[in-house]
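The following exercises concern strand pairing, enclosed space and backbone geometry in a predicted model. Please work through each task before reading its solution.

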Amino acid sequence: MRVQIVEVGPRDGLQNESAIVPAAAKIALIHKLMAAGLKRIEASSFVNPKWIPQLADADEVLQGINRSQEVTLSALVPNIRGLERARQCGLTEIALFMSASETHNQKNINKRIEDTFPILREVAQEALALGMKVRGYISAVFGCPYEGNVPLDNSRRVTEALLEMGVYEISLGDTIGVATPKQVHEVFRELVKDVTNERLAAHFHDTRGTGLANVAAALDEGIRIFDSSIGGLGGCPYAPGAAGNISTEDLVYMLHGMDYETGVDLEKLIEAGAYIGQQLGKELPSKVLRASLASKPDG
């Protein structure tokens, strides 16, 4: 059985770090992730640098990557201006984003959900006309830092709107890491009825230590696409208290132990995690990375 991993560390991971990693180090990290066998990598974001200064070098990073036809690079795009930057960087895929929570959407995008749809629709239509693929993120599906519980109908409504725009795949996000396996079963069981499992992905954060358990629950519901971040980097600038994404190393270790195929070389992945940890000058949350480094003679 095959599972696809979408590596979001270079974007979702580094955007939440206080330290700004140099473009050359970001490029080196992405090359290491490619060498580890990851085929889908979200490399950066074309959000206004005023809001996410950590990724102000998106153009430089994307233009500095040695491309491979086997690897799909993507970036987050908020508007037409961001789409034009993505086009100039030669991207063939972009990602759109919004929230299932009204308050989180306003904090994150500064717009109501209803007012976000026309903007994303314009970007999606233009991207599709350029021959690009469009992925979608829905944040706060499993809980909101401002509203608490988010009704499933909110996620259903946003999902339907994104699909109508031509989005080929939707990643459902547990932005603040409150989901439990029971809730994951319930959400995916319902949305799979409307969408089919092939078009849904899961994006879990490990704030309360349930990230991998939630992956197992989503696997039971037929989900085979998971976002993760090298080293467990990540969080959300507009979700107070959100910890990092599930670690790619931990995810791959678990999936391989469950006899799923990922196409990823775990040892090379650990090297990538160690590299970005050194660049940031700190120990990263990934348990597999920590265990591996501790077991080395000089660890």
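**Exercise 1. Strand 2 and its neighbours**

How many of the six residues of strand 2 are buried? Determine also which strands pair with strand 2 and in what sense.

Solution.

Step 1. Apply the cut-off for burial, a relative accessible area under 20%. Six of the six residues of strand 2 are buried, and the strand is thus described as mostly covered.

Step 2. Examine the pairing on one side. Strand 1 (residues 4-7) runs parallel to strand 2, and two bridges join them. Within this pairing, Glu7 is found opposite Ile41 of strand 2.

Step 3. Turn to strand 3. Five bridges join strand 3 to strand 2, again with parallel strands. Glu42 has Ser74 of strand 3 as its bridge partner. Between these two strands the chain passes through helix 3 (residues 58-64), giving a β-α-β crossover that is right-handed.

**Exercise 2. The closed sheet**

In what order do the eight strands close into a barrel? Describe also the pairing of strand 5 with strand 6.

Solution.

Step 1. Follow the pairing from strand to strand. The barrel closes in the order 1-2-3-4-5-6-7-8, and its pairing is parallel. From one strand to the next, the twist averages 25°.

Step 2. Consider strand 5 (residues 133-139) and strand 6 (residues 169-174). These pair in the parallel sense over four bridges. Arg135 has Glu169 of strand 6 as its bridge partner.

**Exercise 3. Enclosed and open space**

Which residues line the largest cavity, and which element gives the most to its lining? Characterise also the second largest pocket.

Solution.

Step 1. Rolling a probe the size of a water molecule over the atoms shows where empty space is left. In this model, a search of the whole structure yields one cavity of 30 Å³ or more. The volume of the largest cavity is about 40 Å³.

Step 2. Identify the lining. It is formed by Val6, Arg40, Ile41, Glu42, Thr72, Ser74, Glu93 and Arg135. Two elements, strand 2 (40-45) and strand 3 (72-76), each give two or more residues. Strand 2 gives the most, with three residues.

Step 3. Relate the lining to the pairing. Glu42 and Ser74 both line the cavity and are bridge partners. Ile41, which stands opposite Glu7, is also among the lining residues, as is Arg135, the bridge partner of Glu169.

Step 4. Classify the lining by residue type. The lining of the largest cavity comprises two nonpolar, two polar and four charged residues.

Step 5. Repeat the analysis for the second largest pocket, which holds about 230 Å³ of space. Its lining has 14 residues, and those nearest its centre are Asp206, Asn245, Asp250, Pro285 and Lys287. The lining of this pocket divides into four nonpolar, seven polar and three charged residues.

**Exercise 4. Positive phi outside glycine**

Where does Asn110 lie, and is Asn110 buried or exposed? Treat Ala140 in the same manner.

Solution.

Step 1. Locate Asn110 in the loop between helix 5 (102-109) and helix 6 (113-129). Its phi is near 65°, a positive value in a residue other than glycine. Asn110 has a relative accessible area of 66% and is therefore exposed.

Step 2. Locate Ala140 in the loop between strand 5 and helix 7 (152-165). Ala140 is not a glycine, yet its phi is positive at about 55°. Ala140 has a relative accessible area of 1% and is therefore buried.

Methods. Residues are numbered from 1 along each chain as its sequence is written. This is a predicted model: local features need pLDDT of at least 70, side-chain atom pairs count only at pLDDT 80 or more; totals for chains, interfaces and linings use all residues. Side-chain values use heavy atoms; hydrogens and water are left out. On a 1 Å grid over the protein atoms alone, a cavity is a set of points where a 1.4 Å probe fits but cannot get out, and a pocket is an open set with protein on both sides within 12 Å along at least five of seven lines; lining residues have an atom within 4 Å of a point. Grid points are joined across faces, edges and corners, and a volume is the space filled by probe spheres set on the points. Ala, Val, Leu, Ile, Met, Phe, Trp, Tyr, Cys and Pro count as nonpolar, Asp, Glu, Lys and Arg as charged, and the others, Gly among them, as polar. Buried means under 20% relative accessible area, exposed over 50%, partly exposed in between (1.4 Å probe, protein chains only). Two strands pair if DSSP finds at least two bridges between them. A crossover is right-handed if, with the strands pointing away from the viewer, the path from the first strand over the helix to the second runs clockwise. Axes are lines fitted to C-alpha atoms, for helices over the stretch in contact, and angles run from 0 to 180 degrees between N-to-C directions.
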